[in-house]
Amino acid sequence: MAPSATCCAAESTISPKALTVQYYALLREQAGRREEALTTSAPTPRELYAELAARYPFTLTPEVLRVAINGEFGEWSTPLAAGDAVVFIPPVAGG
Amino acid sequence: MAAFRFSRTALDVAALRAELADPACGGYAAFEGWVRDHNEGERVRHLEYEAFQALAVREGERILAEARQRFGVAHALCAHRVGDLSIGELAVWVGVSAAHRDEAFRACRYIIDEVKHRVPIWKKEHYVSGDSGWVNCERCAAPGAEDGAHAHGR
């Protein structure tokens with residue numbers, strides 16, 4: 001998906017909205033919590049991660065993370081909506 | 001029960017294997033992943049597994065469905081531990097039954113490889129030295145903002 005100008009995003013995607021974020025593994029340890037409810041103006045997971053990375057000592061860059069929204073893989077550019085449950089997924093190591 | 005599942009307690013291999021029994025199947029292949037006492041030069045004391053279970057089960061079920069479709073196997077199961085595991089414990093089990101052995105072996109290999117790459121499960125190693133680390137997470141972590149060139153593609 002080509003990056004688009006934020007000027008054209010729908011109003012609902014840039015106004016403050018209440019979300020939940022869940023943390024796993026290294027991100028859970030660095031955030032010091034498993035989950036939190038927050039209000040953000042971040043239009044997409046990319047801005048939300050930047051906002052959280054300014055608050056917590058995250059060492060993982062977006063390039064190595066994946067995003068899940070409401071229990072399914074999503075894109076960094078997916079518009080966030082009120083009530084979304086967002087998870088940033090560190091590099092996996094099952095097996 | 002889902003074909004892809006998690007357990008906080010020891011896996012019962014005999015029970016898992018029994019779920020694959022089918023009179024139409026002449027081949028059964030399984031893979032067991034065990035907790036090893038070393039990794040990348042470090043002596044490992046024990047492991048801790050954590051999963052984003054809702055998405056992990058969803059992605060795991062997709063992998064098992066792909067294996068059934070691609071290789072034409074009759075049944076495929078995968079069970080993964082979460083929580084604290086000791087050296088030698090069974091961490092993950094994959095089992096497949098099929099009409100013939102070739103597709104059973106191939107499907108089994110496909111499943112464990114995809115699970116390792118796609119399913120949101122994390123492994124923390126606790127070392128004999130007292131140190132610990134999340135596998136695949138510590139080395140790709142940027143020590144500072146200046147380390148922007150260090151990117152891992154997917």
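**Core.** I began with the largest nonpolar core of this predicted model, which holds 58 residues, and I noted that the residues with the most contacts inside it are Leu27(A), Ala67(B), Val96(B), Ala107(B) and Ile111(B). Following Val96(B) outward, and leaving aside residues up to four places away in sequence, I found that Val96(B) touches Ala29(B), Val73(B), His75(B), Ala76(B), Ala104(B), Ala107(B) and Cys108(B).

**Helix α3 of chain B.** I next looked up α3(B), which covers residues 101–118, and found 18 residues reaching 26 Å from the first C-alpha to the last, close to the 26 Å expected at 1.5 Å a residue. Its buried residues are Glu103(B), Ala104(B), Ala107(B), Cys108(B), Tyr110(B), Ile111(B) and Val115(B). Looking down the axis of α3(B), I saw these buried residues fall within an arc of 170°, so they line one face of the helix. On the face turned away from that buried side I found the exposed residues Arg101(B) and Asp102(B). I then asked which elements of chain B the buried residues of α3(B) pack against; they are β2 (27–34), α2 (53–71), β5 (75–81) and β7 (90–98).

**Contact between the chains.** I looked at where the two chains meet, and there 24 residues of chain B are in contact with 19 residues of chain A. On the side of chain B that touches chain A, the elements giving two or more residues are α2, α3 and β8 (121–127) of chain B. By class, I recorded 17 nonpolar, four polar and three charged residues on that side of chain B.

**Gly133(B).** I located Gly133(B) in strand β9 of chain B, residues 132–134. Is Gly133(B) buried or partly exposed? It has 18 other C-beta atoms within 10 Å, and a residue counts as buried at 20 or more, so Gly133(B) is partly exposed. Not counting residues up to four places away in sequence, Gly133(B) touches Lys124(B), Glu125(B) and Glu138(B). I also checked it against Ala107(B), and the two are 26 residues apart in sequence and 31 Å apart in space, C-alpha to C-alpha.

**Chain A.** Turning to chain A, I counted three helices and five strands, and from the N terminus on I read the order of its elements as α-β-α-β-α-β-β-β. Of the 95 residues in chain A, buried residues make up 33%. Among the contacts in chain A with a separation of 6 or more, I noted that 57% come from residues 24 or more positions apart.

**Helix α3 of chain A.** In α3(A), residues 45–55, I listed the buried residues as Pro45(A), Leu48(A), Tyr49(A) and Leu52(A). Seen down the axis of α3(A), they fall within an arc of 100°, so they line one face of the helix. Ala50(A) and Ala54(A) are exposed residues on the face of α3(A) turned away from the buried side. I traced the packing of the buried residues of α3(A) to β1 (17–22), β2 (35–40), β3 (66–69), β4 (72–74) and β5 (85–89) of chain A.

**Confidence in chain A.** I closed with the pLDDT of chain A, which averages 90, with 85% of the residues scoring at least 70. Over residues 1–9 of chain A, however, the pLDDT is below 50, and I noted that this stretch has seven contacts in the model beyond near neighbours in sequence.

Terms used
Residues are numbered from 1 along each chain as its sequence is written. Chains are lettered from A and ligands numbered from 1 in the order in which they are written. This is a predicted model: local features need pLDDT of at least 70, side-chain atom pairs count only at pLDDT 80 or more; totals for chains, interfaces and linings use all residues. pLDDT is the predictor's confidence in each residue, from 0 to 100. Helices (H or I, at least four residues) and strands (E, at least two) are DSSP runs, numbered from the N terminus. The expected span of a helix is 1.5 Å times one less than its number of residues. A residue is buried if 20 or more other C-beta atoms lie within 10 Å of its own, exposed if 12 or fewer, and partly exposed in between; C-beta atoms are placed from the backbone. The arc is that of the directions from the helix axis to the C-beta atoms. Ala, Val, Leu, Ile, Met, Phe, Trp, Tyr, Cys and Pro count as nonpolar, Asp, Glu, Lys and Arg as charged, and the others, Gly among them, as polar. A nonpolar core is a set of buried Ala, Val, Leu, Ile, Met, Phe, Trp, Tyr and Cys residues joined through C-beta atoms within 7 Å.
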